[in-house]
Amino acid sequence: MSRPSAAGPLLALTLLMLGIALAFAVGRYPVAPGDAARVLLAKLTGGPASVPPAVEAVVLQIRGPRIAAAILVGSALAAAGAAFQGLFRNPLVSPDILGASSGAALGAVLGIWLSLGVLGIELLAFAGGLAAVAAVYAIGTALGRRDPVLVLVLAGIVVGSLLGAGIGLMKFLADPYNQLPAMTFWLLGSLSAMHAADLVPLLVPVVLGTGLLLLLRWRLDVLSLPDEEARSLGLATGRLRLAIVAAATLVTAASVAAAGIVGWIGLVVPHLARFLVGPGFGRLLPVSALLGGATLLVIDTLARTLAPVEVPLGVLTALVGTPLFLVLLVRADRDWQ
Amino acid sequence: MTLLTATGLAFGYRGRAIGRGLDLAVAGGEVLALLGPNGGGKTTLLRTLLGLLPPLAGTVAVAGHPLERLSARERARLVAAVPQAAGGAFAFTALAVVLMGRTSRSGLFAAPSRGDHRAAAAALDRLGIGHLAARPVNRISGGERQLVLIARALVQEPRLIVLDEPTASLDFGNQGLVMREITRLRDAGLGVVFTTHDPNQAARYADRALLLRAGRTLAQGPVGEVLDPARLGALYGAPVIEVRGDGARAFLPA
């Protein structure tokens with residue numbers, strides 16, 4: 001029995017590498033990919049970098065952290081989206097639909113309103129995201145006897161609009177000169193404020209959560225079966241589902257805390273990945289993560305180069321994501337999953 | 001040797017018993033057919049025998065282990081289920097579906113090993129559907145899908161296989177295909193329990209039959225003794241006639 005080919009994962013990895021080279025090469029201060037590699041290599045080995053100090057500063061202080069953040073957020077959202085889709089047995093759910101993003105957004109807006117630091121904002125974002133997904137999930141299981149998926153989506157819409165009202169209230173109460181612009185800009189999604197020091201509170205939860213999802217990815221296939229079928233195959237579905245919801249919510253909340261609301265990545269990228277490597281989560285999840293990192297990196301590169309001012313990420317992902325999703329829908333027609 | 005034993009079993013949901021006072025035993029290399037009208041409790045009994053539903057009273061034991069005391073993983077190594085349809089939102093390949101049967105025999109974080117792939121390929125070949133390995137399960141026929149699910153049950157390496165209406169919604173040819181496979185499982189020494197709407201399947205492919213009506217055992221025993229027009233008439237509440245020919249017999253609604 002031949003194992004599936006490595007073409008899909010290799011393609012995703014190549015796209016990510018090209019994205020990184022492109023991201024260094026364009027912008028107000030272009031850096032040749034070779035120079036960027038030299039700086040990073042010198043940093044790793046501790047040796048001297050044979051490049052001008054300005055280049056080193058751009059790579060290490062400005063563009064490097066931003067590129068790393070784009071990759072982290074993109075892969076986290078795509079991996080979480082793929083995991084949520086398997087968990088809820090529905091290729092249409094995403095972190096956005098289940099309220100993780102809006103819950104995290106409300107938590108983070110609350111954090112800004114309370115003038116908390118980055119860690120405080122991130123903790124509130126995580127708590128908000130987890131509470132929102134737990135509420136949606138509880139409503140879905142309590143009411144969704146006949147059509148669980150429909151009830152789940154409806155519960156997500158209801159809880160999401162409630163959270164939206166909460167965000168609106170926070171904006172209404174916020175200081176209009178200081179906090180409100182910060183909230184608004186942040187809610188639209190942006191990586192422009194990313195500095196090297198902000199990477200750690202993003203890196204740790206994303207690596208932990210995505211790592212756990214990647215470790216459990218082979219079990220996700222079974223978990224996407226009806227619950228009794230999964231149990232009869234020997235899976236302790238309750239505990240596993242909780243672990244996956246927690247991990248996916250953790251990475252979503254960390255992403256929202258760092259970059260604001262970046263929609264669409266969690267929904268569209270897993271579909272692209274499925275197109276490349278099929279529905280098995282063993283290959284789907286890593287390829288989703290790679291593609292998600294590449295996609296958000298390219299979109300963030302566009303965001304900072306398209307116009308004299310930065311374009312919000314959320315606007316661009318929606319502009320790219322909507323037509324892409326429609327194309328995927330049309331292409332694969334009935335059995336597009 | 002007795003493989004599956006249920007004694008004094010009451011089954012159903014908390015506060016709503018569906019059946020009670022049930023005793024049954026299935027040995028390795030034996031096929032038991034569960035017969036009964038709709039709503040008689042067949043599916044609920046099956047779920048209880050699989051350990052998916054805790055018994056309200058009495059015990060279910062497989063190879064001497066009471067199911068309630070086993071983890072899902074330990075249970076899956078003893079009993080495999082073949083559900084009615086391959087439910088699921090994603091179009092996995094037949095091979096991927098069969099590999100899922102290895103869940104209880106691999107670690108929580110483990111990728112399918114070379115041995116798992118070999119076992120899955122062997123199971124598909126054994127059922128004569130090796131050529132379907134790379135096909136998505138929503139692109140093959142209902143009978144082939146049922147065989148894929150049987151292959152998945154086989155790679156669990158269970159002692160007992162439980163099938164819920166294995167031929168429901170299958171055409172005539174596919175029904176024979178699936179039922180002959182059940183005979184082969186028995187010949188390989190596995191215990192088999194299946195539910196069916198068709199007394200003729202029980203007569204032809206099962207060793208023993210249990211007639212379940214309104215949650216109670218109407219009769220139980222070797223198919224040659226238990227299945228007759230009088231009992232089947234009582235079971236389904238409608239007259240049944242028997243026809244014989246070529247050394248086989250069949251029942252028809254009168």
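Q: Which strands does helix H1 of chain B lie across?
A: This is a predicted model. In it, helix H1 (residues 42–49) of chain B lies across strand E3 (31–35), strand E7 (160–163), strand E8 (191–196) and E9 of chain B.

Q: And what's its angle to E8(B)?
A: H1 of chain B runs at about 155° to E8(B).

Q: What about helix H6 of chain B, which strands does that one lie across?
A: Helix H6 (residues 172–187) of chain B lies across E3, E7 and E8 of chain B, and runs at about 155° to E8(B).

Q: OK, the sheet itself. What's the strand order, and is the sheet open or closed?
A: Open, with 6 strands in the order E6-E7-E8-E3-E9-E10 (chain B) and mixed pairing.

Q: Which strands are at the edges?
A: Strand E6 (79–82) and strand E10 (216–222) of chain B, each of which pairs on one side only. Ignoring direction, neighbouring strands in this sheet are turned by 15° against each other on average.

Q: How many bridges join E9 to E10(B), and do they run parallel or antiparallel?
A: There are 6 bridges between strand E9 (residues 208–213) of chain B and E10(B), and the two run antiparallel. Take Arg213(B): its bridge partner in E10(B) is Arg216(B).

Q: Switching to the contact between the chains. How many residues from each?
A: Chain A puts in 27 residues and chain B 31 residues.

Q: Which helices of chain A each supply at least two residues there?
A: Helix H9 (217–223) and helix H10 (227–232) of chain A do, on the side that touches chain B.

Q: How does that side divide by residue type?
A: On the side of chain A that touches chain B, there are 12 nonpolar, 8 polar and 7 charged residues.

Methods:
Residues numbered from 1 in each chain as written. Chains lettered and ligands numbered in written order. Predicted model: local features only at pLDDT ≥ 70, side-chain atom pairs only at ≥ 80, totals over all residues. Contact = placed C-beta atoms within 7 Å. Helix = DSSP H or I, 4+ residues; strand = E, 2+ residues; numbered from the N terminus. Nonpolar A, V, L, I, M, F, W, Y, C, P; charged D, E, K, R; others polar. Pairing = 2+ DSSP bridges. Axes fitted to C-alpha atoms, helices over the stretch in contact; angles between N-to-C directions.
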